[in-house]
Amino acid sequence: MNDLDRALCDLVIANRILSHENVVDAYGHVSVRHPHDPKRYLLARSLSPEMVQQADIMEFELDGTPVGGDRRQPYLERFIHGAVYEARPEVIAVVHAHAEDVLPFGITDAPLRPVIHSGSFMGPEVPVWDIRDKFGDTNLLVTNMPQGRDLAGRLGGNNVALMRGHGFVAAARSIIEVVRMSVYVPRNARVQMAAMRLGAVKPLSRGEIDARNAGYKPHSPETWRAWEYWAMRAGCRELLEKK
């Protein structure tokens, strides 16, 4: 299997994992930068993630234009992905999801912080982007590149940004990494919310976060163990074994 086929296969697995782990439902999406052209990315047509097959994946320019005049219906919020890739050359994969556990932290003054070791990969700061600040009253969807670029600017060099009243965007150096991060962001939020009911919360220190990141490798046995586990749970055995 060449690297493009592997990227397409992994993108299907990523969609299925995020659905099975309740990070996305009928809505939400994951993309990967094209392995042969960094100015393009791969993203499914407008379809519920659990239903995505390899044939559903489309190719886009960074501005959200489908390559080759593909007339299938794309996701309205594909501009999130293109804007992040445009702003962050090191980013290989992007997730946008609406997991309810993170939403309270985007509509209150309580900041989302890593409080469990598996939440460390979202980084020490999780900024909140409010579309109304620049674009006034909208339907809260990111439907053009100016909105996408504004969101990417708020994300900055961080791994995760919350979107007020909407969800979150996550960016990472590999598709395995962005899936892992996106699975644990809502879990971290649940733990933090539970802890806040008991008293003051003690987040991970910068040193603890750095120590976790220092030992991370996207294709290490430890990381592959999680990817394989989630993929098997999501019914992707044949895609894992595909050569």
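Contact here means heavy atoms within 4.5 Å. The model is predicted.

Ala171 belongs to strand S7, which spans residues 167–172. Beyond residues up to four places away in sequence, Ala171 touches Val84, Val91, Ala93, Leu155, Asn159, Val178 and Met181. Ala171 counts as buried because its relative accessibility is 0%, and the cut-off for buried is under 20%. Leu141 lies 30 residues from Ala171 along the chain. The C-alpha atoms of these two residues are separated by 18 Å.

Two of the residues touched by Ala171, Val84 and Leu155, also take part in a helix pair. Two packed helices are described by the angle between their axes and the distance between the axes. Here the pair is helix H2 (residues 78–87) and helix H4 (residues 145–155). Their axes come within 8 Å. The crossing angle is roughly 55°. H2 and H4 are therefore oblique to each other. The crossing of H2 past H4 is right-handed. On the H2 side, the contact is made by Phe79, Ile80, Gly82, Ala83, Val84, Glu86 and Ala87. H4 contributes Met145, Gly148, Arg149, Leu151, Ala152 and Leu155. By class, the residues of this contact divide into 9 nonpolar, 2 polar and 2 charged. Glycine is counted as polar in this division.

Cysteine pairing was examined next. A disulfide is a covalent bond between the sulfur atoms of two cysteines. A search of the whole structure finds 0 disulfides. For Cys9, the closest cysteine sulfur is in Cys236, at 8.2 Å. That separation is too far for a bond, because a disulfide needs the sulfur atoms within 2.5 Å. The relation holds from the other side as well: the nearest cysteine sulfur to Cys236 is that of Cys9, 8.2 Å away. Cys236 is in no disulfide. Both residues are buried. The relative accessible area of Cys9 is 1%. For Cys236, relative accessibility is 0%.

A further site lies in helix H1, residues 3–20. This helix contains Ser19. Is Ser19 buried or exposed? At 10% relative accessibility, Ser19 counts as buried, because the limit is under 20%. Which residues does Ser19 contact, leaving aside its neighbours within four places in sequence? Ser19 is in contact with Val24, Pro49 and Glu50.

Conventions:
Residues numbered from 1 in each chain as written. Predicted model: local features only at pLDDT ≥ 70, side-chain atom pairs only at ≥ 80, totals over all residues. Heavy atoms only, no water. Helix = DSSP H or I, 4+ residues; strand = E, 2+ residues; numbered from the N terminus. Buried < 20%, exposed > 50% of the residue type's maximum accessible area, 1.4 Å probe, protein only. Axes fitted to C-alpha atoms, helices over the stretch in contact; angles between N-to-C directions. Parallel < 35°, antiparallel > 145°, perpendicular 65-115°, else oblique. Left-handed = near helix turned anticlockwise from the far one by under 90°.
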